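Notebook open, structure loaded. I want to go through the cysteines and the rings and jot down what turns up.

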Amino acid sequence: MSTINETLAENQKYARAFHLGNLPMPPARKLAIVACMDARMTIEPMLGLQTGEAHIIRNAGGLVTEDALRSLIISYHLLGTREFMIINHTDCGMLTFQDTELKEKLHAATQAYSALPAAFHAFRDLEKNVRQQIAKVKSHPWLPQEVPVRGFIYDVKTGQLNEVK
């Protein structure tokens, strides 16, 4: 059985016991989180959150991309979030390559060039990356300057979340 079919079977079990259908659309804790998609990070348990309490936006690297900004703007202005967290982590795959190397590898594997994605946004320094993501949020004209935006690095070996000042 394929992994997708296995997950669909698990969804059937989940749906039979489902009891969250009456949650309101806005997140109860008024929190939005941008985090890496790394499978070792289980965001809700890591932060003591329950379903319906926060918006969680995930992508490779936990980056404030154009799409993440779009989601944060909607989250703030239409759904009432009032605090933002950025979460990167140790041992991140985005630390293991450079954009040009990856593009060359992809071209070699496919014999094709593509305009999208324009960049993969690899980085070399976790703390610097977190600070850059915070700056992207804080500098956006559609997000108020007074919105708290805090950044963290999750240690995948210990489970500890450490704030980047």
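How far is the sulfur of Cys 36 from the closest cysteine sulfur, and which residue holds that sulfur? I looked it up, keeping in mind that this is a predicted model. The closest one belongs to Cys 92, at 4.2 Å, which is too far for a bond.

I ran the lookup from the other end as well. Starting at the sulfur of Cys 92, the closest cysteine sulfur is that of Cys 36, again at 4.2 Å. A disulfide needs the sulfurs within 2.5 Å, so this pair doesn't make it. The disulfide tally for the structure is 0.

Next I checked burial for both cysteines. Cys 36 comes out buried at 4% relative accessibility. Cys 92 is buried too, with 3%.

On to the rings. My search for aromatic pairs covered the whole structure and gave 1 hit. The partners are Tyr 14 and Phe 18, with ring centres 5.5 Å apart. Their planes sit at 55°, so I'm logging the pair as tilted; edge-to-face would have needed over 60 degrees.

Are those two rings buried or exposed, or something in between? Tyr 14 is partly exposed, at 46% relative accessible area. Phe 18 also goes down as partly exposed, with a relative accessibility of 42%.

Last entry: a charge and a ring. I found the charged end of Arg 82 over the ring of Tyr 76, and the distance to the ring centre is 4.0 Å.

Note on methods
Residues numbered from 1 in each chain as written. Predicted model: local features only at pLDDT ≥ 70, side-chain atom pairs only at ≥ 80, totals over all residues. Heavy atoms only, no water. Phe/Tyr/Trp six-rings, centres within 6.5 Å; stacked < 30°, edge-to-face > 60°. Buried < 20%, exposed > 50% of the residue type's maximum accessible area, 1.4 Å probe, protein only. Lys NZ or Arg CZ within 6 Å of the ring centre and 35° of its normal.
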